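Open the model in your viewer and show side chains as sticks. The stops below follow the salt bridges.

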Amino acid sequence: MNTTPLPPLSLLEEVFQINPASPSGLSWRNSNGYKIKAGSNAGCLNKKGYWVVGLKINGKNKLLSVHRIIYFMHTKANVDGRIIDHIDLDKSNNNINNLRLANLNENKWNQKKSTIKTTSKYKGVHWCNRDKKWIATICCNGKRGALGYYETEEQAAHAYNKEALKLHGEFAKLNNF
């Protein structure tokens with residue numbers, strides 16, 4: 001994870017205000033030397049779909065993640081070196097109710113099924129040619145474990161969901177049926 005450290009909370013609160021009506025969730029309180037109108041929406045979407053905002057810090061322009069700023073301003077908790085997870089997986093949804101602290105594993109658990117072509121439409125499920133059955137597997141803390149063989153793809157997906165809830169708790173991204 002490579003994130004630019006955030007400036008002091010006092011600077012962020014001087015320059016920005018959390019604004020749920022803004023597309024990014026943030027608006028300018030003070031222009032900080034830019035030709036920006038106070039109250040206008042802050043930020044733009046980057047190539048990865050995250051809202052970012054430029055800010056001059058100690059005379060240098062820095063690009064900062066809006067979701068990190070919002071979480072820091074709302075909670076007052078230091079987020080440097082920490083991951084802020086989007087609960088609903090929508091990188092542009094910076095509503096404070098959609099943001100939470102996470103470690104790297106928790107952030108990975110809260111991901112959709114890989115877009116790499118697989119034999120199953122469900123996360124944690126694939127077809128085993130040798131046994132002619134569906135197999136469910138799960139990864140936790142870098143270790144992959146088999147959950148068993150199943151006659152149907154849906155049975156294997158249910159087995160994955162059950163184990164994901166047990167191992168990943170609130171960060172489990174479950175299969176939908």
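Helices here are DSSP runs of H or I with at least four residues, numbered from the N terminus. With that in hand, start at helix α4 of this predicted model and select Glu-163 and Lys-166, which both lie in α4, three residues apart, or about one turn of the helix. Their side chains form a salt bridge, with an N to O distance of 3.3 Å. Lys-166 is exposed, at 61% relative accessible area.

Next, select Glu-151 and Lys-133. The closest N and O atoms of this salt bridge are 2.8 Å apart. The pair links distant parts of the chain: Glu-151 sits in the loop between β10 (143–150) and α4, while Lys-133 belongs to strand β9 (residues 133–140), 18 residues apart. Glu-151 is exposed, with 55% relative accessible area, whereas Lys-133 is partly exposed at 29%.

Now move to Glu-170 and Arg-100. Their side chains meet in a salt bridge at 3.3 Å, N to O. This pair also joins distant parts of the chain, 70 residues apart: Glu-170 lies in the segment after α4 (153–168), and Arg-100 in strand β7 (residues 99–102). Are the two partners buried or exposed? Glu-170 is exposed, at 62% relative accessible area. Arg-100 has 10% relative accessibility and counts as buried, because the cut-off for buried is under 20%.

Keep Arg-100 and Glu-170 selected and add Asp-85: the three residues are linked in a network of salt bridges. To continue from here, display every salt bridge; a search of the whole structure finds six.

Terms used
Residues are numbered from 1 along each chain as its sequence is written. This is a predicted model: local features need pLDDT of at least 70, side-chain atom pairs count only at pLDDT 80 or more; totals for chains, interfaces and linings use all residues. Side-chain values use heavy atoms; hydrogens and water are left out. A salt bridge is a side-chain nitrogen of Lys or Arg within 4 Å of a carboxyl oxygen of Asp or Glu. Helices (H or I, at least four residues) and strands (E, at least two) are DSSP runs, numbered from the N terminus. Buried means under 20% relative accessible area, exposed over 50%, partly exposed in between (1.4 Å probe, protein chains only).
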